[in-house]
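This briefing is meant to be read beside the sequence and the model. Please keep both in view while working through the points.

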Amino acid sequence: MELQFFFFFFFFFSFFPFQYPIIGVLIYCFFTIHIFESFLVLVFSVFLLQGQLSILQEKIDHLERLLAENNEIISNIRDSVINLSESVKDGQRNPEAINFSQGSLSELLPSASVVLAIDSEDCLFASKSRSRVSGVQMLDVYDILPFDNPDGGVWKQGFDITYNENEWDGEPLQVFVVPHSHNDPGWLKTFGDYFRDQTQHILNNMVIKLQEDNRRKFVWSEISYFSKWWDGIDSQKKDAVKRLIKDGQFEIVTGGWVMPDEASAHYFALIDQLIEGHQWLERNLGVKPKSGWAVDPFGHSPTMAYLLKRTGFSNMLIQRIHYSVKKHFASQKTLEFFWRQNWDLGSSTDILCHMMPFYSYDIPHTCGPDPKICCQFDFKRLPGGRVSCPWRVPPEAIHAGNIQHRAWMILDQYRKKSKLFRTKVLLAPLGDDFRYTESSEWDQQYQNYQKLFDYMNSHPELHVKAQFGTLSDYFEALRKESNLGEKSTNSFFPVLSGDFFTYADRDHHYWSGYFTSRPFYKRLDRVLESYLRSAEILYSLALVQSSKSGKMNIFPSVDHYKLLTEARRNLGLFQHHDAITGTSKDWVVVDYGTRLFHSLINVKKVIIDSTHILILKDKDAYNYDASNQFLKMQIYSCRYLLIYNPVEQERFSVVSVNVNSPRVTLLSPLGKSVAIQISAIWDGATTVSHEAYQISFLAHLPPLGLGVYQLLEAQSSEADLADYTIYTSGRNNMQVKPNNIFKIKEMQNSADNIILENSYMKLWFSGMSGLLEKINTKEDGKNHQMKVEFAWYGTTSNRDKSGAYLFLPDGDAKPYIFTDPPTVRVTHGRIFSEVVCFFPHVTHTMRLYKIRGLEGQSLEVSNIVDIRGEYNRELAMRISSDINSQNRFYTDLNGYQIQPRLTMSKLPLQANIYPMTTMAYIQDVGVRLTLHSAQSLGVTSLKNGQLEVIMDRRLMQDDNRGLGQGVQDNKITANIFRLLLERRHGTDVNEEKSSVSFPSLLSHITSTFINHPVIPMTIYADSGVPEILRSFSPLMSSMPCDMHIVNLRTIQSKVNFEPSDEAALILHRKGFDCRFSNRDVGLFCSTTQGKIKVHKLFNKFSVESLTPTSLSLMHSPSDARNITEINMSSMEINTFRIRLR
C-alpha cells in the first residue's frame, strides 16, 4: 500500500494544480517522509540486485493497476476535504475573529470598459524588428538547401577536401588540441553511480597528470559533478586545482550546473542552473568562465546564445546540427559566425560561435574529415585495450620509426579541416564520453600527442605550430588572427540569426521524438519551477521581514536556505540533455523524478513558513514550531484560505477547492460575501461522491501577494449549484445514479450540438464525441471552424524505428477511432462550464470560465493521457481551423522568444516537428490561434490551418543512439493547455515572411497564468489564530504589463550554506505585438517604455541598494553604482543585486 502513494501523488499532482489546486497538494497528507524513504530503499535495493529488474517492473505494473482503480481515489477524498463542521462553531461565535489591516483590494469584477494603457513607443519595437535584415537567416538556409544526402567519400555527409601544399608558407597553421571528457549527469547510470564509477577518477587523475607537464591542458564543464568531487577532496588537492587554473592548464567551460538541453528547458531553469554553477565557482574557486561548450545537446537554441552573452561570455561552441546544414556552412566557410538574436535591432546580442563540422564530438570525428584516420590517433584504442576502431585499422604508439609518417598523416587531416574555416587557427577537440578515467589513458593520449607536436614544431618546413590548448586559448588565437577585439564584431565573420532545430544526425533520422518523450516528467519539471520561484520570492521577503522584526533567531533561515539550494540543484540536474529530454534508462528517470518530487515537498515547506511571518499582523507574535506548522497546504479543517499570486500583476483568477459540505459561505479579504459555484466531485464518468464537493470562486489578488478568504458553513446554501448532462451511447454500460443535491440529466449521444458560452465566445461541441467543432467570437460576431480531434502515429516497418530520441512514423497519423461514442459529461455553472469526454486513452476536458477578464478569453484544455497498454504508438491532439496559415506556424524557444517555422514538403514529416516550451500559434491577416502549454512537447502544423501536439509516445525498441531501451515506463499524464483566439488588425501579407514574431500582451500574461497558478494555503482554526493581515502586497502596484520578475533569489553568503543579505532580482522585459484588441482584456497594468522607479517598486520594504550585474552575478560593470531607475529594452533580461530592508 505504501508504495502506491508515490505514483498516486505524482499522477494527481501532474493534473490538479491547475483545475483543482487544493487536491493537487492534498495527496501529500497520506505520503509521509517515512513512506518516501521506504520507497527509495525498496526501489534502489531492487536496482542493486542484478537480474532483478523484472521484479521492479512487476512492482511498477502493480502500482499502476492500483492507481487506475478510482475507488482508491474516492475513498481518500474523505481526508482531502475541508472539514467545515470543525470550524463552523468558531465562526458563529465570533464572525469578526480576524482583524484585517487597512488595504485597497477592490471587490469589483474586471470592468468591461478598461482599455489597456500601452505607451505608443512600446509598440515600435515589434514593427522595427520585423523590418530588420540580418546576414545569414536560418529560415533562408532551410529554404535553399536540397536536403539530399549524397555519399561524400571519407567524410560521408560532406565532400572531398583538397589543398595546396604551400598554402601555409606565409603563415603557419596553428593547431589547438583540446582534451575534454564529456560527463553526462545521468544517462545509462544515475548521477551518483557515474560519479562513483567514473567521474571522481577522471578528476583525481586530472590533478596528478596535468602537474606532470605544464604543456598539458584540460577542459571541464559540468559543475554538478565538479562540486561533488570538490566537497570530498583535501585542501592540498584544492590548492593544486587552483594553481592549474591560474596557470591556464585547466579551464572550466560554460560552468553551468549541467550542459542543458536547449529544446525542452524553460529559460527560468536555464538561467537558474547557470547561476548555481557560476555562484559555486565564484565562492569556491574564484573563477569566471569565459566560453560556452555544448557538444551534446540535440540541436541548439539562440536563447542559450543570448543567456551566455548576458553572463559576460564572448565565445561559444556547438556541435549537434543537421548534417546538411553543417555541409552547407562548411562549403561557405561560415562554420564560425556571430550569432545574433532575430529581434536584435543592433549588434548587442552578437556572440562568436564555432560550429564543429563533423558527425560527432568523439576523436574519430574531430581531427579531420576522415574518421578512419582520426581513429588511429585515439590512443585509448591502442591494441590490447577495451575499445577499438570500427574501421579496423588500430592506432600505433608513436616512436622514432613511425613518427614522420604518423605526423604527416594527422597534419594532412588538420590541414583539410582548416580548409573549412576562414583562418589558419584550428580547433581539434580530443575526448569523448567519460574519457580519461584511468591513469593509463592520460599517459597514452598526452605522451603520444606530445611526441607528434614536438616533431611537427621542430620541422619548420611543415609550417605548423601544434599544442595542447584550452577553449579560451583557441578563441584568443582566433580573435587575434582575425583582428577581433574581445567585445567587437567585424565583418570578417558572418552574422547569423535563427535556430538549429530539428536535428538529424544521418539519413531521415530526425531527433523530434525527444520533444515529447517521458511527458510526465516534463510536466513535473514545470510544476517544480513554479513552486521554486514562489519559494525563492517569499523566502527573500520573509528573510528581510524576520530581520526587521528581530526574529532572525526564530525564522528557520539557514535550514530553509539549504532546502532551496537542494531544490535549485535538483531542478538544475534535470535540465541535463538526457534528463528533461526523456532519454535516460528507466531507473535513471526514477532517480531524477525522486529528486524533483523530494524538492517539491521541500519548497512547499519554504512557501508555508515564509508566508507565516509575512501574513501576521503583529510580527512579535511570530513563533516557529517545525512540528506544528501555522499554515498547511494539505487540508483537514480550515476557516482561513490564503491564496498566493506568484505573478507580478494584479490578478483575477478562478480558484477551486474541495469542501465536505455544499452549504458554504465565502467571505472576501474585505469581509464581503463572494459568489461561488458548487460542483460535484466525480468518481469516474458518472458517479458522484457523497464525501466531498468542489467550490469555485473568482479570487482578486494583489501582485506577488496574498489574499485571505474566510470559509464558513452556512445554514442554507446561497451558492449556485452546477448542473450536469451526461451523454451515453446506451451500449457502454454506464449507469448514472440519481443525486439529491445536483441536477443530473442523462441523454443519448446525438447529432445535436452541445453549446457553451460566455461574454466573449460561443462554442459548439459534437453531441456524439463531445469534441469542439466551432467558435463564435462575440466581438465581431464571426464563426471560426475549430475542430479538435485525436490521432495515432505508428512507427515505420524499416529496421530503424522510433525510440526515445527519434521519431520515425509509418506515414501520416491515423484518426483516433472509437466504436462506441464516448461518455460525455457537460457541466453548466455560474463560474465555469465544461465538457469532459471519456475516451479509452484520454480524458479530454474543455473548460470555459464565465467571467470577464483574462481567464474568460481563452479555453482551458486538459488531456489525461494513458497509453500504457499500447504498442509502438504515439497519441496526438490536432486542432483544425479555417485559418489560412499558408504552411507557416510559430513556436516558442524556451518560453523566451518566438521562432517562425515553415512546413516543408521536401522534408519528411518528422522533420517538421519542433519543440514547444510554452506556446505555438498559427495566423492569417485576420486572426491568430495560440495553443498555450504548461509543459514542453513536440508540435507541428502539417496542413493549412492546423496545429498538432504530440502528447505521449510508447515505443518498444531502442533507436540505436546508445540508450539501449525503448520508452515503456509511461505514466498517466496530464497535459494542460489554453486555447486563445485573437483578432489581428493592421497587418499586411508581406510581413508573414518575417523572421521574427511576438505574442500579444494578453497572450504573454495568459502564458504566465497557466505556468504560475495561484497557491492556496490554509490556517487551522482551532489553534488560537493570531491576528493576520487581510492581504499582503509586497509591490506598490502591478509591474508594467511587459515586465516579468523571473526570480528574486537570495544569494548565498561567502561562508557555509547561509543566506546573505543580498538577493538577485532578475527581470525580463517582453517583446509584444500591439496589433490586437486592447479593450476589455482584463489586464490591470500599463507599459512604461521599460522604466521603473526603484522607490516605487516595493511596498512595506524599502530598497537599500540596487546595482546592475551580469546575468549570473559574475561581473559587475566597472561603473556599477546604486541606481534609482530601472531602464530596460524590449526582450532584455537583466540581473540586479538588491538589498531590501
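What follows covers the disulfides, then the strands and their pairing, and then some backbone details.

The structure is a predicted model, and a search of the whole of it finds four disulfides. With bonded cysteines counted along the chain, the disulfides follow the pattern 1-7, 2-3, 4-5, 6-8. Beyond the cysteines, the points below take up an open sheet of four strands with mixed pairing, and strand E32 (888-893), which is largely enclosed by the rest of the structure.

**Disulfide of Cys123 and Cys1074**

- Cys123 is joined to Cys1074 by a disulfide with an S to S distance of 2.0 Å, and the link is left-handed, with -90° about the S-S bond.
- This pair links distant parts of the chain, 951 residues apart, since Cys123 lies in the loop between helix H6 (84-93) and helix H7 (124-130), while Cys1074 lies in the loop between strand E43 (1059-1069) and strand E44 (1091-1093).
- Cys123 has a relative accessible area of 24% and is therefore partly exposed, given that buried means under 20% and exposed means over 50%.

**Disulfide of Cys367 and Cys374**

- The sulfur atoms of Cys367 and Cys374 are 2.0 Å apart and form a disulfide, which is left-handed because the torsion about its S-S bond is about -85°.
- Both ends of this disulfide lie under the 20% cut-off for buried residues, with a relative accessible area of 5% for Cys367 and of 0% for Cys374.

**Disulfide of Cys1041 and Cys1085**

- A disulfide is also formed by Cys1041 and Cys1085, with their sulfur atoms 2.0 Å apart, and this link is right-handed, with 110° about the S-S bond.
- Cys1041 is placed in the loop between strand E41 (1031-1032) and strand E42 (1043-1052), and Cys1085 in the loop between E43 and E44, so the disulfide ties together parts that are 44 residues apart in sequence.
- Cys1041 and Cys1085 are both buried.

**Other buried cysteines**

- Cys353 counts as buried, because its relative accessibility is 0%.
- Cys837 is likewise buried, with a relative accessible area of 0%.

**The open four-stranded sheet**

- The open sheet has the strand order E14-E17-E16-E19, and its pairing is mixed.
- Its edges are formed by strand E14 (651-659) and strand E19 (720-721), each of which pairs on one side only.
- Within this sheet, strand E16 (residues 676-683) and strand E17 (residues 687-701) pair in the antiparallel sense over seven bridges, and Ile676 stands opposite Phe697 in E17.

**Strand E32 and its partners**

- Six of the six residues of E32 are buried, so this strand is largely enclosed by the rest of the structure.
- The two faces of E32 are both covered, with Arg888, Tyr890 and Asp892 buried on one side and Phe889, Thr891 and Leu893 buried on the other.
- E32 runs antiparallel to strand E33 (residues 897-902), to which six bridges join it, and Asp892 has Ile898 in E33 as its bridge partner.
- The hairpin of E32 and E33 has three residues between the strands, and there Asn894 takes a positive phi near 65°.
- E32 also pairs in the antiparallel sense with strand E35 (residues 919-923), over two bridges, and in this pairing Tyr890 stands opposite Tyr921.

**Backbone details in loops**

- The peptide bond from Phe501 to Thr502 is cis, with omega near 0°, and Thr502 is placed in the loop between strand E11 (495-497) and helix H19 (519-548).
- Asn872, although it is not a glycine, has a positive phi of about 50°; this residue lies in the loop between strand E30 (858-865) and strand E31 (873-881), and it is buried, with a relative accessible area of 9%.
- Gln886 is another residue other than glycine with a positive phi, near 50°, and it lies in the loop between E31 and E32.
- Gln886 counts as partly exposed because its relative accessibility is 49%, which falls under the limit of over 50% that defines an exposed residue.

Technical notes: Residues numbered from 1 in each chain as written. Predicted model: local features only at pLDDT ≥ 70, side-chain atom pairs only at ≥ 80, totals over all residues. Heavy atoms only, no water. Disulfide = S-S within 2.5 Å. Buried < 20%, exposed > 50% of the residue type's maximum accessible area, 1.4 Å probe, protein only. Pairing = 2+ DSSP bridges.
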